[in-house]
There are 2 protein chains.
Amino acid sequence: MSNSYSQQLRHASLPTDFRLQAQTCFGEAIRFSASACAQYAHDESRIGVMPPQAVLKARNKEDISALLALCHQYHVPVVARGAGSSIEGHILALQGGVALDLSDMNQILAIHAGDFCATVQPGVTRKQLNEALRDTGLFFPVDPGADASLGGMCATRASGTTTVRYGAMRENVLALEAVLADGRIMRCGCLARKASTGYDLSHLLIGSEGTLGVISEISVKLWPQPEALAVALASYADTKSAVETVANALACGLQLARIEFLDRQSVQAVNRHAGLGLPEQAMLIMELHGSPASLQEQVDTLRQLCAAQDCSHFEAGYDLAQRNRLWAARHQAYFSLLQMRPGARAITTDACVPLSQLAQIICQSEADCLAAGLPFAILGHVGDGNFHLLLLIDEANPHELALAESLNENIVQRALAAGGACSGEHGIGLHKIRFMQAQHGAVALDIMRSIKHSLDPHNIMNPGKMLPPA
Amino acid sequence: MSNSYSQQLRHASLPTDFRLQAQTCFGEAIRFSASACAQYAHDESRIGVMPPQAVLKARNKEDISALLALCHQYHVPVVARGAGSSIEGHILALQGGVALDLSDMNQILAIHAGDFCATVQPGVTRKQLNEALRDTGLFFPVDPGADASLGGMCATRASGTTTVRYGAMRENVLALEAVLADGRIMRCGCLARKASTGYDLSHLLIGSEGTLGVISEISVKLWPQPEALAVALASYADTKSAVETVANALACGLQLARIEFLDRQSVQAVNRHAGLGLPEQAMLIMELHGSPASLQEQVDTLRQLCAAQDCSHFEAGYDLAQRNRLWAARHQAYFSLLQMRPGARAITTDACVPLSQLAQIICQSEADCLAAGLPFAILGHVGDGNFHLLLLIDEANPHELALAESLNENIVQRALAAGGACSGEHGIGLHKIRFMQAQHGAVALDIMRSIKHSLDPHNIMNPGKMLPPA
């Protein structure tokens with residue numbers, strides 16, 4: 001764990017009265033043992049090992065409410081978590097307290113097919129929801145790769161491969177229920193597709209990373225399954241030509257549901273892991289939705305666009321099984337890449353920039369990484385201007401760690417200079433707090449702190465995350 | 001003006017020191033005369049005549065900042081306004097103070113065609129922006145009918161005819177700049193298409209109706225102009241069949257950019273006003289976007305869907321000039337209907353409900369209105385579940401006024417019972433404050449008040465609007 005985090009670790013003992021009351025309230029469901037807490041000491045980030053001091057698996061919103069009321073009374077931190085797939089340190093218990101595990105709250109409460117929406121508990125995962133929707137002709141599009149929980153996806157304002165067509169969580173949540181720091185249960189939003197009825201509290205909670213409340217119920221938009229789809233692969237000798245195709249494709253108004261970029265290293269890793277035999281060059285994977293006739297027409301347009309950008313290989317297919325294999329491989333790129341340097345730790349960057357500057361920023365980052373000599377890959381949801389750099393480092397080597405952080409920082413600074421975001425979808429957590437001032441400026445940060453203070457006066461909700469100290 | 005509002009009117013005299021300092025700061029640009037103030041005493045709602053005590057036409061954000069700092073110091077209310085097209089009383093000076101007119105801040109600051117976005121001052125209107133975009137191949141889709149200012153459209157979380165395809169303001173704002181109650185200037189959001197970087201302050205301001213800050217700059221998404229478009233008209237003997245077509249059309253995944261419902265009375269009014277010769281029945285007007293080949297395919301599907309719902313007349317056209325005439329007529333429906341009862345006042349309802357309940361709720365409302373015997377029309381953006389009832393009443397007749405308010409209330413109560421919204425796009429203003437408790441419940445309202453208090457401790461920003469007293 002880096003020094004900066006270890007200095008922030010604070011572990012007041014849990015107050016005795018809190019333990020007694022929590023035991024009275026939850027019985028054996030609340031666990032204080034070191035072995036129970038050790039299971040909740042990390043996320044996917046390997047930023048550090050930060051165990052909580054207690055663990056509660058919530059069964060329902062009443063559990064969450066009772067726990068928060070107690071924590072509020074005794075000023076005990078609460079760190080809510082869903083699937084645990086965070087990679088920026090969101091769910092590490094920096095200041096101890098209670099890990100609130102929502103993974104058992106995994107009921108799909110209602111599917112309103114006629115209203116194109118579903119209401120779920122926060123522990124429901126996106127694959128689980130789509131499985132349940134299979135016979136409705138509808139689907140839930142937000143796809144961050146990991147089989148994340150919808151609660152976690154709300155809390156980090158997640159997005160993913162289909163955002164270019166269907167939007168991120170920000171655009172796909174109709175209503176929320178959240179338990180506030182003092183245990184009160186708040187509903188916000190409604191089941192109508194739009195509303196102009198006061199402050200947008202749903203959007204305040206979406207992306208709040210557990211610092212304002214615990215999301216206990218979510219109503220999301222559903223979309224009609226496309227009549228048919230096509231997947232097109234376009235390979236390029238260089239990264240720049242690949243990425244520059246994106247804006248042209250978007251300007252044509254094609255029904256692009258996904259536009260993913262994989263650099264040569266990513267394609268190699270995916271090939272090795274899944275045996276796909278793809279050309280080992282920079283590549284765009286694009287998915288088009290529509291009627292069979294419109295797909296043919298769109299593929300033709302796309303083929304011309306890619307050729308104009310000196311694409312070296314283009315192929316398109318309409319087979320669903322093949323398409324699913326391809327996207328499964330894409331989603332395993334992270335783990336495939338990890339295997340390129342066994343035992344390595346991955347440090348990922350997630351930046352989002354205005355489209356006109358995407359090619360230049362990706363190419364600059366590529367050049368930096370080549371100069372630095374660390375194994376790396378760049379891939380991303382380029383239709384949104386969002387990309388990830390993944391660096392594989394030897395964690396025991398402080399030089400590599402520092403080099404990786406400095407490459408990460410370069411990308412973020414370029415994104416900020418371009419008017420972009422220091423995180424497109426992974427969130428701030430612990431790892432990106434240091435960029436919040438440059439991202440938002442002093443006034444917006446001050447307003448964020450005011451809102452935090454008014455909703456969570458004792459700073460018990462995921463303390464030390466997202467907002468830098470004043 | 002109804003008694004409930006006149007009781008809330010409060011007009012402390014402007015403090016002498018405030019007047020002197022404002023004159024020092026703004027010179028003749030700040031006006032205190034009764035004649036100047038009278039020009040700002042009403043909106044399109046005819047809810048009442050509520051003049052401010054001073055008027056300032058802001059030239060730039062520094063003017064806004066200087067005014068707000070002064071008003072903050074002296075606890076003087078500020079009511080910001082753009083085009084003045086509000087119909088729920090948002091911009092009436094209920095507690096006096098300064099009317100801050102933003103209509104001269106009408107510069108288009110930047111068009112970033114390669115990033116599919118534009119940055120504008122708040123007084124820019126949607127037509128002005130689209131005129132400036134004409135040669136870029138892009139357009140700004142949000143279309144509330146009125147040529148509203150983008151600042152006002154943000155402040156009321158506006159939407160309109162194209163929301164079913166392109167989203168509302170909520171989905172189309174990337175970044176904002178706002179002047180806070182104490183005069184500080186805050187930037188929020190960024191030019192990237194998505195971001196996961198802290199609390200979503202942009203969405204907090206969108207729909208805040210001038211109660212949290214004055215929006216001084218807006219960056220909006222732009223969309224590629226469709227390659228081609230088709231407009232389809234479908235007429236029905238009854239309202240129910242027309243509205244029930246909507247969910248079926250959406251489930252098919254057609255590229256529907258607009259789905260408008262006009263009842264028989266609306267069609268009659270539009271015919272009379274614009275001489276369109278449309279069949280005088282309940283009608284859907286639908287617009288499809290896509291390639292010429294895909295349009296033909298989509299129109300065929302739509303024709304079948306409408307026929308299955310006992311449509312009595314269906315026609316489709318691909319002519320742009322004809323399409324523009326039709327939508328111009330649709331947008332004039334409000335004024336066309338007003339002419340059906342000369343001298344009448346229009347009371348409009350704007351509710352938004354889950355789609356599965358739309359047909360039933362519209363039909364119930366229609367039956368209520370027929371029973372009440374007041375001239376009325378129902379029309380709306382039914383692809384979103386959003387509809388408006390327009391009642392034409394003799395303002396001098398208290399019986400008609402009470403009847404209209406009770407019909408309005410019935411619709412809102414049905415929308416709320418269905419899990420919908422008491423306003424889809426017009427906002428709360430003064431007229432719908434009484435529904436806020438039922439819409440949100442006590443906890444959410446309490447949180448809204450906390451946020452309001454922390455951003456505007458002296459309650460100078462559009463006081464008395466949107467939030468009911470605790």
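This note goes through the fold of chain A, its interface with chain B, and two backbone positions in chain B.

1. The coordinates are those of a predicted model, and every value below should be read as computed from that model.

2. Chain A is built from 17 helices and 18 strands. Its radius of gyration is 22 Å, close to the 23 Å that the globule rule gives for 470 residues, so chain A is as compact as a globular protein of that length. Taken along the principal axes, the C-alpha trace of chain A extends over about 70 × 55 × 45 Å.

3. On packing, 61% of the 470 residues in chain A are buried. Among the contacts in chain A with a separation of 6 or more, 71% are made by residues 24 or more positions apart.

4. The surface that chain A exposes comes to about 16000 Å², and carbon and sulfur atoms supply 50% of that area. As for charge, chain A carries 35 positive and 44 negative side chains, with the centres of the two sets lying 3 Å apart.

5. The interface between the two chains brings 80 residues of chain B into contact with 80 residues of chain A. The size of an interface is often given as the accessible area lost when the parts come together. On that basis chain B and chain A bury about 6300 Å² between them, of which 59% lies on carbon and sulfur atoms. Within chain B, the residues that lose the most area to chain A are Lys194(B), Ser196(B) and Tyr199(B), which together account for 15% of what that side buries.

6. Two residues in chain B deserve a look at the backbone. Most residues other than glycine have a negative phi. Glu209(B), although it is not a glycine, has a positive phi of about 55°, and this residue sits in the loop that runs between helix H9 (201-205) and strand S10 (213-221) of chain B. Is Glu209(B) buried or exposed? With a relative accessible area of 4%, Glu209(B) falls under the 20% cut-off and is therefore counted as buried.

7. The second such position is Asn462(B), also a residue other than glycine, where phi is positive and near 45°. Asn462(B) belongs to the segment that follows helix H17 (436-455) of chain B. Its relative accessible area is 3%, so Asn462(B) is buried. A colleague checking the backbone of chain B may thus find a positive phi at a buried residue both at Glu209(B) and at Asn462(B).

Technical notes
Residues numbered from 1 in each chain as written. Chains lettered and ligands numbered in written order. Heavy atoms only, no water. Helix = DSSP H or I, 4+ residues; strand = E, 2+ residues; numbered from the N terminus. Rg over C-alpha atoms; globule rule 2.2 N^0.38 Å. Buried < 20%, exposed > 50% of the residue type's maximum accessible area, 1.4 Å probe, protein only. Contact = heavy atoms within 4.5 Å. Areas by Shrake-Rupley, 256 points an atom, 1.4 Å probe, with all protein chains shown as cover. Lys, Arg positive; Asp, Glu negative; His and termini not counted. Charge placed at Lys NZ, Arg CZ, Asp CG, Glu CD. Buried area = accessible area lost by both parts, 1.4 Å probe.
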